[in-house]
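Biologist: Could you take me through the packing of side chains in this model, beginning with charges and rings and then turning to the core?

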Amino acid sequence: MEQKMTSLVNTCSFAGVKPIMVDLPYPSIQVEEKNQVYANLLSLDYCGAVSELSAITQYINNENRLSNEKCPIAKTILGIAMAEMMHLQKLGELICLLGGNVDFIAKQQNGRHRMWTPEYLTIPEQPRKMLLADIEAEKAAINQYKMHINMIKDNYINAVLARIIMDEEYHIVLLQALLKEV
């Protein structure tokens, strides 16, 4: 008896996908001086519950699950994830300049530290709920960045955070448009 092998192929091509972000340059990555308190605040943006690492992981998971049946949406989500990767990289540079460590541990002001965990993610099954979860995550990130801007008295850092907020706001607009397609 001969067994017939079947293979499945993902026909969604991600060639040419680029980071989706506002068409404005980022400020230079610099800080006024070393500051562990600021480094700890940025560690929350880097790898806390509401963070770039969480956003990247959630977007990539959604992109993987959508790519077979909703390729155009998956490509947009991948482009957003790539922008979030750039945000993660910039935050990591700032943390290092401030004298902090990029170790995937969010350092909270109360002295508690927590390593990043996938428990932070919202992973619904339906495409509409995925997009709604992504929108809520973007809104939470914007709120957290604004809170950190109010707490950080370093114009260089705040300029970078304000620029990241522009991308996050743009991502919300795109995700809301994608909702109309599902």
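Modeller: A charge is taken to sit over a ring if NZ of Lys or CZ of Arg is within 6 Å of the ring centre and within 35 degrees of the ring normal. Please keep in mind that this is a predicted model.

Biologist: How far from the centre of the ring of Y26 is the charged end of K90?

Modeller: The ring of Y26 has the charged end of R163 over it, 4.2 Å from its centre. The charged end of K90 also sits over this ring, and its distance from the ring centre is 4.7 Å.

Biologist: Which helix gives the most residues to the largest nonpolar core?

Modeller: The largest nonpolar core has 46 residues, and those with the most contacts inside it are L42 and I157. Helices α1 (36-47), α2 (52-66), α3 (71-97), α4 (127-151) and α5 (155-179) each supply at least two residues of this core. With 10 residues, the helix that gives the most is α5.

Biologist: What kind of aromatic pair do Y46 and F104 form?

Modeller: The pair links distant parts of the chain, with Y46 in helix α1 and F104 in the loop between α3 and β1 (105-107), 58 residues apart. The ring centres lie 5.8 Å apart with 35° between the planes, and because planes under 30 degrees apart count as stacked and those over 60 as edge-to-face, the pair is tilted.

Biologist: Is F104 buried or exposed, or partly exposed?

Modeller: Its partner Y46 is buried, with a relative accessible area of 8%. Since buried means under 20% and exposed over 50%, F104, with a relative accessible area of 37%, is partly exposed.

Key: Residues are numbered from 1 along each chain as its sequence is written. This is a predicted model: local features need pLDDT of at least 70, side-chain atom pairs count only at pLDDT 80 or more; totals for chains, interfaces and linings use all residues. Side-chain values use heavy atoms; hydrogens and water are left out. A nonpolar core is a set of buried Ala, Val, Leu, Ile, Met, Phe, Trp, Tyr and Cys residues joined through side-chain atoms within 4.5 Å. Buried means under 20% relative accessible area, exposed over 50%, partly exposed in between (1.4 Å probe, protein chains only). Helices (H or I, at least four residues) and strands (E, at least two) are DSSP runs, numbered from the N terminus. Rings of Phe, Tyr and Trp (its six-membered ring) pair if their centres lie within 6.5 Å; planes under 30 degrees apart count as stacked, over 60 as edge-to-face and the rest as tilted.
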